[in-house]
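Visitor: Could you take me through this fold, beginning with the sheet and then turning to the helices?

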Amino acid sequence: MKRIILLLCCVFISQFIYGQTTTIYSKAYGESKNPTLIFIHGGPRGNSTLFEGTTARKVADRGFYVIVYDRRGEGRSIDTTATFTFREAITDLNNLYQKYHIKKATLIAHSFGGLVGTLFTEQNPEKVTSLILAGALFSQQETYDHILETTQKYHVAKKDSLMLSKISEIEKLPKNSAEYRKQFYEIASQNNYFKMPFPTKEANEIREAYELSEYGRNNIRNERAPILFYQNEDKNNMDTKPILKKLKKQVPLFAIYGQQDHIFSEKQLRDMKQIVQDQHFKIIDNCSHYLFVDQQEEFIDTVVKWIK
């Protein structure tokens, strides 16, 4: 009898722990009868707090059912067992469709989320009304090479031997390693690759309000996420251009980027424009990586025009 009770207790505890560690944070805005739009955040180690706290409700007010979520193990979806693989991300996104009883949705895929959104659409084209790539990664190594080249030129001109030495060390790292990506992210951040050079008053107000809000306070970053991603995912340095070229025959593709988003080269943006075609491509001026904050009104107007 004691053994049975012990076994039942173990089952209960394991189910409780499992339930606690595999809860995916998500929230819907607007009415479910409206066209569904799902936001896929950046990362790995990102979350959807910035989009949710600044933009989700405003898009919903334009006649959409907007769903935001944090990927497993990232942000508010705390999960100590997460593997951070694309397979896991696609499975969880499929589960999100089931949770909200969705048959089709438009995906807004931001930054690293562009890779997740592209792979999901490739595997589930019947579930995607359209795919919007917003400041989205699509040729990772080209991005890394561009950041390295432009940063090096800048610091050669400044005769900054310390930064040039750091760049030299990065060049020696394995290109498919977490440390390689981490160093690039740090260099890009230090050199303001993600920031607007001249932020508008509106952008500053949006950002300040976010920082003071519950969303800013819940801006949880899992520093282990990139390490585990590069450890567990074979496709950790992708070029999705061939996938996108095939997908545009099945699903409407759109791409929107900031003119001052310096992590992308002019060649990369030309390549993307050629894939999605002129009428589905938009460059926003005085705008960097976080388009929905930097130029919120133009971002929302463009998205609504494309898909409504």
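Guide: The sheet comes first, followed by the helices. This is a predicted model, in which local features need pLDDT of at least 70, side-chain atom pairs count only at pLDDT 80 or more, and totals for chains, interfaces and linings use all residues. Residues are numbered from 1 along each chain as its sequence is written, and side-chain values use heavy atoms, with hydrogens and water left out.

Visitor: What is the order of the strands in the sheet?

Guide: The open sheet has 7 strands in the order β1-β3-β2-β4-β5-β6-β7, with mixed pairing. Two strands pair if DSSP finds at least two bridges between them. Strands (E, at least two residues) and helices (H or I, at least four) are DSSP runs, numbered from the N terminus.

Visitor: Which strands stand at the edges?

Guide: β1 (26-29) and β7 (281-284) do; each has a single partner strand, so one side of each lacks a neighbour in the sheet. From one strand to the next, the twist averages 20 degrees.

Visitor: And β5, how many of its residues are buried?

Guide: In β5 (residues 128-134), 6 of the 7 residues are buried, meaning under 20% relative accessible area with a 1.4 Å probe, protein chains only. β5 pairs with β4 (residues 105-110) in the parallel sense over 6 bridges, and Leu-107 lies opposite Leu-131 of β5.

Visitor: Which strands does α12 touch?

Guide: First, the pairing there: β6 (residues 253-258) and β7 run in the parallel sense over 4 bridges, with Tyr-257 opposite Ile-283 in β7. α12 packs on the sheet and touches β5, β6 and β7, its direction making about 155 degrees with that of β6. Contact means heavy atoms within 4.5 Å; axes are lines fitted to C-alpha atoms, for helices over the stretch in contact, and angles run from 0 to 180 degrees between N-to-C directions.

Visitor: How does α5 pack with α12?

Guide: α5 (residues 140-158) and α12 (residues 266-276) pack at about 150 degrees, with axes 10 Å apart. α5 is therefore roughly antiparallel to α12, a term for angles over 145 degrees. Glu-142, Thr-143 and His-146 of α5 meet Lys-267, Gln-268 and Asp-271 of α12.

Visitor: Changing topic, which residues of α10 are buried?

Guide: In α10 (residues 225-232), they are Ala-225, Pro-226, Leu-228, Phe-229 and Tyr-230. Their cover includes α3 (86-99), α5 and α7 (178-190).

Note on methods: Buried means under 20% relative accessible area, exposed over 50%, partly exposed in between (1.4 Å probe, protein chains only). Angles under 35 degrees count as roughly parallel, over 145 as roughly antiparallel, 65 to 115 as roughly perpendicular and the rest as oblique.
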